[in-house]
Amino acid sequence: MSAAPAFLPDCLAVTPSRLLVINGNTTADLTASLAEQARAFFGDAARVHAVTVPFGPAYIASRAQAAVSAHAVCETAEREAALAEAAGEPFDACLLACFGEPGIGAVRERLRMPVAGMAEAAIFTALQRGDRYAIVTVGRLWPGMLREQIRQLGLESRCAGLLALPGNALDYVTRSPATIAAVGQALDDAVALGADVVIVAGAALAGFLPSLPRLPAVPVIDSYRAALSQVQALATLERAQRQAAGR
């Protein structure tokens, strides 16, 4: 085994981080896909515990559904964190695997660990790759919902556009020729709006990019992969600080 980087204690280099991934939609097959993608992404660097909320929409598509999901997410996060603590294997960080990040403020208030969200992770990653970003997602109500979210982050001026793909988000999980064509066209449209980096947003579009025959000549960010990178970074920092403090 190679030596740990000088900036990391040896125990952090050899011990996988423990990550809680919460799907705020009730579609269990989607949770399984997200878990599989996370485990492939991290390899031996993390142990992933992925859970589906017990109630709410199959896939969030409105503000009302997001409100219900926020309740389910908060309840699930508290339960899973308590179970892990009781088992003596607490999580190092939590990821809300929904681009709308339902209940993220409440979850951060209730958990004693870092909590990452897909939208924040993807947008802040985009700002490190370009000047103006655009977001491609599924659902006619999402542009308005995301505009409110972006306004809260104070990043409206950097947003070149919010593009809504047609149809049901879960239909995109199948990677059909029609959905592949729709996503490809939306990426081109985003660049035409002046974006120099584009986010493909939402749990249903996680891992979609390899299905596309081509990508535009600007960086394209998978929001789920951006969030996986962020939650692992937060977990590593959290563990290093605990180690330094002797806890």
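Biologist: How many disulfides does the count come to here?

Modeller: It comes to 0 disulfides in this predicted model. C74 is in no disulfide, and the nearest cysteine sulfur, that of C94, is 10 Å away.

Biologist: And what makes C94 unpaired, seen from its own side?

Modeller: The cut-off for a disulfide is a pair of cysteine sulfur atoms within 2.5 Å. The closest cysteine sulfur to that of C94 is in C74, at 10 Å, so the two are too far apart for a bond.

Biologist: Are those cysteines buried or exposed, and how do you know?

Modeller: Buried means under 20% relative accessible area. C94 has 0%, so C94 counts as buried. C74 has 15% relative accessibility, so C74 counts as buried too.

Biologist: What about T27, buried or exposed?

Modeller: T27 comes out at 18%, and the cut-off is under 20%, so T27 is called buried. T27 sits in the loop between β1 (17–23) and α2 (28–42). Setting aside neighbours within four places in sequence, T27 touches T52, A58 and L170.

Biologist: Now the helices. Why is α5 called roughly perpendicular to α8?

Modeller: The axes of α5 (residues 118–127) and α8 (residues 223–245) cross at roughly 95 degrees and come within 8 Å. Roughly perpendicular covers 65 to 115 degrees, so α5 against α8 earns the label.

Biologist: Which residues meet there?

Modeller: From α5, M118, A121, A122 and T125; from α8, S223, Y224, A226, A227 and Q230. That contact divides into 6 nonpolar, 3 polar and no charged residues.

Biologist: Which sheet strands does α8 lie across?

Modeller: α8 lies across β7 and β8, running at about 65 degrees to β8.

Biologist: What is the strand order in that open sheet?

Modeller: The 4 strands run in the order β6-β5-β7-β8, with parallel pairing. The twist averages 20 degrees from one strand to the next.

Biologist: What makes β6 and β8 the edge strands?

Modeller: Each of them pairs on one side only.

Biologist: How do you know that β5 pairs with β6 and with β7?

Modeller: Pairing takes at least two bridges. β5 (residues 133–138) has 6 bridges with β6, in the parallel sense, and 4 with β7 (residues 197–200), also parallel. For instance, I135 stands opposite L162 in β6, and the bridge partner of V136 is V200 in β7.

Biologist: What makes β6 "mostly covered"?

Modeller: For β6 (residues 159–165), 6 of its 7 residues are buried.

Methods
Residues are numbered from 1 along each chain as its sequence is written. This is a predicted model: local features need pLDDT of at least 70, side-chain atom pairs count only at pLDDT 80 or more; totals for chains, interfaces and linings use all residues. Side-chain values use heavy atoms; hydrogens and water are left out. Buried means under 20% relative accessible area, exposed over 50%, partly exposed in between (1.4 Å probe, protein chains only). Axes are lines fitted to C-alpha atoms, for helices over the stretch in contact, and angles run from 0 to 180 degrees between N-to-C directions. Helices (H or I, at least four residues) and strands (E, at least two) are DSSP runs, numbered from the N terminus. Angles under 35 degrees count as roughly parallel, over 145 as roughly antiparallel, 65 to 115 as roughly perpendicular and the rest as oblique. Contact means heavy atoms within 4.5 Å. Ala, Val, Leu, Ile, Met, Phe, Trp, Tyr, Cys and Pro count as nonpolar, Asp, Glu, Lys and Arg as charged, and the others, Gly among them, as polar.
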